[in-house]
Amino acid sequence: MTTLYKDFSQVVTLQGAHQKDGRLLTPDDLSIINDGAVIFDDDKILWVGKTKDIPQDITIDTTQSFKGHALLPELVDSHTHCVFGGNRSVEYGMRLNGADYQDIAKAGGGILASMKGTNDLSRKELFELGRERIERILSYGVGTIEIKSGYGLNYEKEKELTEVIDELKKYFAPRVQIFNTFMAAHAVPKDYNDSHAYMQQVVIPLLQELAPRKIIDAVDIFHEEGYFDDADLKFLAEAATALKIPLKTHVDEFTDNKGAKLSAELAALSCDHLLCTEKDGIQALAKSKTVATLLPGTGFFLGKPQANARALLDVGVKVAIGSDYNPGSCNCDNLLLIASIAAPTYKMNLGELWAAITLNAAHALGLTDQGAILPGLKPRFSLFKVNQIEEITYNWGRNYSTSNKSITAR
Ligand code: NIG
Ligand code: FE
């Protein structure tokens, strides 16, 4: 079926950003078409241009007019942990009263507290919580969502979490695209001597059991002091490569332990957080295809210094922004609100900002056939009831998305 959407105030194509592989962007790389239109079928975009120039030689089955709306490449949240049980509001209160995230974790709180909350829930309850959270994420205009397992932290519960994410993926397809990341290497439960024992007994064998079912889209690991080390990261990368599964990483969040550099060397799809990454890591990323995913909501919510976004952007690193929605370090599901707050903090221009939550975020999941409105790419869009793109993040905290009300194309 061929569809024409026309009369948009703006179609923000990101053609320039796409041509530059999402690097060293200027505001012009948004490549905005005023009074724009787009023609697409179920699989791909066929044409984009001005409404007055709609070609006559393409047979159109349905037409819709979108006066007063802007059309953008689909928003992608490329980093969430949104399947978990319980909440950590008590820890949040403790932090506001002076405690530190790492000290709380050492005392048995943190990820291990959410492990308990998650193990207390059934598969059905976890699915239902995930479904509700995804519905809310969609309401902001996000259409592709990455979800990590990692709060089960034992063989059976981690398996169940990966299966729950797969069930959510099937439930929401094709309207929403869910990307299933296996992150059993999120923290080391107390019953293991060290991270190496947990990797050997749980993470790697479970990955090898699940991989043939083709339900895992990527693996991830928390590379940090007190969690997983270089040897664990290399072990996981090796096992994943043998299974043809891409690698994503959590690195340099609390210390610069050279996780970004190692991730670039291991050709990870993305390495995320990067609050403490120094020059060598930044240079390594600039020369690599690895996307640097910044999670500004986490620094903000934990009261930590933010990542040095300008240093990354200015040397040509491909930068994405994700929400990191999770019960501990960033209990916020709203990617667009996080991006609004991040832009002036990171001193990003509008081209950099929008590429970070569309094109580069898609590339952080290996989805290189979306992220711009160009012929041949997938027809995955986000729609906002605004006349121009600036209005979306200018009205920070308000929701102008109408994607899930009037657009079914994904
Ligand atoms: O990305 N850094 C590791 N994992 C999560 C935090 C998880 C938690 O505190 O529950 C993150 O910030
Ligand atoms: Fe995370």
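**Loops, ligand 1 and domains in a predicted model**

Colleague: Where does P174 lie?

Modeller: P174 lies in the loop between α6 and β8 (177–185), with helices (H or I, at least four residues) and strands (E, at least two) being DSSP runs numbered from the N terminus. The peptide bond from A173 to P174 is cis, with omega near 0°.

Colleague: And what should I know about the model and its numbering before we go on?

Modeller: This is a predicted model, in which local features need pLDDT of at least 70 and side-chain atom pairs count only at pLDDT 80 or more, while totals for chains, interfaces and linings use all residues. Residues are numbered from 1 along each chain as its sequence is written, chains are lettered from A and ligands numbered from 1 in the order in which they are written, and side-chain values use heavy atoms, with hydrogens and water left out.

Colleague: OK, back to α6: which residues is K159 in contact with?

Modeller: K159 belongs to helix α6 (residues 155–172), and, leaving aside neighbours within four places in sequence, K159 is in contact (heavy atoms within 4.5 Å) with L206, E209, L210 and R213. With E209 there is also a side-chain to side-chain polar contact of 2.9 Å; such a contact is a pair of N or O atoms within 3.5 Å, where within protein one must be able to donate a hydrogen and the other to accept it, and residues adjacent in sequence count only if both atoms are side-chain atoms.

Colleague: Why does K159 count as buried?

Modeller: Because its relative accessibility is 18%, and buried means under 20% relative accessible area, exposed over 50% and partly exposed in between, with a 1.4 Å probe and protein chains only.

Colleague: Switching to ligand 1, how many residues surround it, and which are the closest?

Modeller: Ligand 1 is surrounded by 15 residues (each with a heavy atom within 4 Å of it), of which the closest are R88, Y101, Y151, E253 and S329. A polar side-chain atom of R88 lies 2.7 Å from an oxygen atom of ligand 1, and for Y151 the corresponding distance to an oxygen atom of the ligand is 2.6 Å. A nitrogen atom of ligand 1 is 2.8 Å from an N or O atom in the side chain of H186.

Colleague: How much of its accessible area does the protein cover?

Modeller: The protein covers 100% of the 330 Å² that ligand 1 has on its own, using Shrake-Rupley areas with a 1.4 Å probe; for residues, only the protein chains shown count as cover.

Colleague: Next, which residues of α10 are buried?

Modeller: In helix α10 (residues 279–286) the buried residues are G281, I282, L285 and A286. Seen down the axis of α10, they fall within an arc of 135°, so they line one face of the helix, the arc being that of the directions from the helix axis to the C-beta atoms. These buried residues pack against α9 (259–265), β11 (270–273), β12 (291–294) and α12 (309–314).

Colleague: What about L274, buried or exposed?

Modeller: L274 is buried, at 1% relative accessibility, and is found in the loop between β11 and α10, where L274 has a positive phi of about 60° although it is not a glycine.

Colleague: Last one: what domains does the assignment give?

Modeller: The assignment, which is automatic or from a database, gives domain 1 (3–73 + 370–406) and domain 2 (75–363). Their C-alpha centres lie 29 Å apart, and 29 residues of domain 1 are in contact with 38 residues of domain 2.
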